[in-house]
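Biologist: Please give me a close account of one sheet in this model, strand by strand. I should then like to see how that part sits within its surroundings.

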Amino acid sequence: MSTTHTALELQGAEVIFPNGTRALHPTSLSFEDGAFTVFLGPSGAGKSTLLRCLNGLVTPSNGTLIAQGLGPVTTAAQRRTLRSTTGMVFQQHHLIGRLTVLDNVLMGRLGHRPGWASLGPWRRADKELALAAIERVGLIDRALHRADQLSGGQQQRVGVARALVQQPRVLLADEPVASLDPTTAERLLALMHDICRRERLCVIVSLHQVEFAKAFADRIVGLRQGAVVFDGAPGALGSDTLTTLYGTPSGGAVAAPVAGFEPMAAELKAA
Ligand code: ADP
């Protein structure tokens, strides 16, 4: 039997931006290794703000973030350490199009390089890690291709590989499938789910598609107007909560489930 560890914990974290917007009401949540959590909610609900609190990009106005191995994250140095051990995947993957896949993925090692080495060639160990991550996301045959020659889904996989070479404790993804078609989105989420399981990473993904959240999440945290209105297993997410979140029992303008992805998710969960 495996023991679970808390990777990150927020205690009473509240975010009020300088313009007075309260993007996050006082929130206490903890996140375990090996669990796939989805932050679900409409645009403006506070999903990004919550993710950015978890990697130290936003400092809570009140309350505390506690990270495994660091304790309470209060100083700028601790926030830098937190970011170097937290992989981020973005909606717009932020790749450098003219660089190869390998060079883009190596960027994820920058935080692990001593400053004096940043202009020199990459160490063999870094290249090996990068190639292993590229293989992990199924793109080894594209390692030397320019990033801008890849499809949107492949570029997003490069983003995942770049996060993995950080050897993160936590992988955070802010709307990673927002610009992908449903089939490609499903494949990316299945890959992230598989990485979460096999590497026992704490993975937290923000989504606005209810069906994807239900198919892939171990836990759904539903947000509305900066407050957690649901925290539980996907099976417990009923039409009442969806109405609270989106104003309609189906979750608003959410497309029908993609044929075949629920069985695929079930298969991965059982693995
Ligand atoms: P979501 O990711 O769910 O779309 P966000 O976390 O981006 O929601 O935004 C939550 C609220 O905080 C929104 O009202 C948004 O306009 C506001 N907000 C986000 N970032 C800032 C900022 N830097 N300054 C002021 N308000 C912000």
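Modeller: Glu9 has Ser30 of S2 as its bridge partner. The pairing belongs to a predicted model, in which strand S1 covers residues 6-16 and strand S2 covers residues 22-32. These two strands run antiparallel and are joined by seven bridges. Further along S1, Ile16 stands opposite Arg22 of S2. Five residues separate the two strands in their hairpin, and one residue of this hairpin, Gly20, takes a positive phi near 95 degrees.

S1 has a further partner in strand S4, residues 62-67, with which it pairs over five bridges, again in the antiparallel sense. Across this pairing, Leu10 faces Leu65 of S4. In general, strands of a sheet pair through backbone hydrogen bonds, in either a parallel or an antiparallel manner. The sheet as a whole is open and consists of four strands in the order S2-S1-S4-S5, with antiparallel pairing. Its edges are S2 and strand S5 (71-72); each of them has a single partner strand, so one side of each is left without a neighbour in the sheet.

The ligand provides the next link. Among the residues around the ligand are Phe17, Asn19, Thr21 and Ala23. Ala23 falls within S2, given its range of 22-32. The surroundings of the ligand also include Pro42, Ser43, Gly44, Ala45, Gly46, Lys47, Ser48 and Thr49. Three of these residues can be described at the level of atoms. A polar backbone atom of Ala45 is 3.0 Å from an oxygen atom of the ligand. For Ser48, a backbone N or O atom lies 2.8 Å from a ligand oxygen atom. In the case of Thr49, a polar side-chain atom is involved, and it lies 2.5 Å from an oxygen atom of the ligand.

Lys47, Ser48 and Thr49 belong to helix H1, which covers residues 47-54. Six of the eight residues of H1 are buried, so this helix is largely enclosed by the rest of the structure. The buried residues are Lys47, Thr49, Leu50, Leu51, Cys53 and Leu54. Lys47 and Thr49 thus appear both among the buried residues of H1 and among the residues around the ligand. Cys53 counts as buried because its relative accessibility is 1%, under the 20% limit. Just after H1, Gly56 takes a positive phi of about 80 degrees.

The wider interior can now be considered. The largest nonpolar core has 52 residues, of which Phe36, Leu40 and Met192 touch the most other members. Helix H6, residues 182-199, gives the most to this core, with eight residues. Leaving aside residues up to four places away in sequence, Met192 touches Phe36, Val160, Leu171, Ala173, Val203 and Val205. Another core, of 26 residues, lies apart from the largest one, and its members include Ala13, Leu29, Ala45 and Leu223. This second core leads back to the sheet, since Ala13 falls within the range of S1 and Leu29 within that of S2. Ala45, another of its members, is also one of the residues around the ligand.

The segment after H6 deserves a remark. Arg200 is found in the loop between H6 and strand S8 (202-207), and it has a positive phi of about 50 degrees although it is not a glycine. Most residues other than glycine have a negative phi. Arg200 counts as partly exposed because its relative accessibility is 32%. Cys202, by contrast, is buried, with a relative accessible area of 1%. The closest cysteine sulfur to that of Cys202 belongs to Cys196, at 7.7 Å, and this is too far for a bond because the limit is 2.5 Å. The count of disulfides comes to zero.

Gln225 is another residue with a positive phi, of about 45 degrees, although it is not a glycine. Its place is the loop between strand S9 (219-224) and strand S10 (227-232). Gln225 is exposed, with a relative accessible area of 58%.

Finally, the setting of the sheet is a protein with nine helices and ten strands. Buried residues make up 49% of its 271 residues. Among contacts between residues at least 6 apart in sequence, 70% join residues at least 24 apart.

Methods
Residues are numbered from 1 along each chain as its sequence is written. Side-chain values use heavy atoms; hydrogens and water are left out. Two strands pair if DSSP finds at least two bridges between them. A nonpolar core is a set of buried Ala, Val, Leu, Ile, Met, Phe, Trp, Tyr and Cys residues joined through side-chain atoms within 4.5 Å. Buried means under 20% relative accessible area, exposed over 50%, partly exposed in between (1.4 Å probe, protein chains only). Contact means heavy atoms within 4.5 Å. A residue is near a molecule or strand if one of its heavy atoms lies within 4 Å of it. A polar contact is a pair of N or O atoms within 3.5 Å; within protein, one must be able to donate a hydrogen and the other to accept it, and residues adjacent in sequence count only if both atoms are side-chain atoms.
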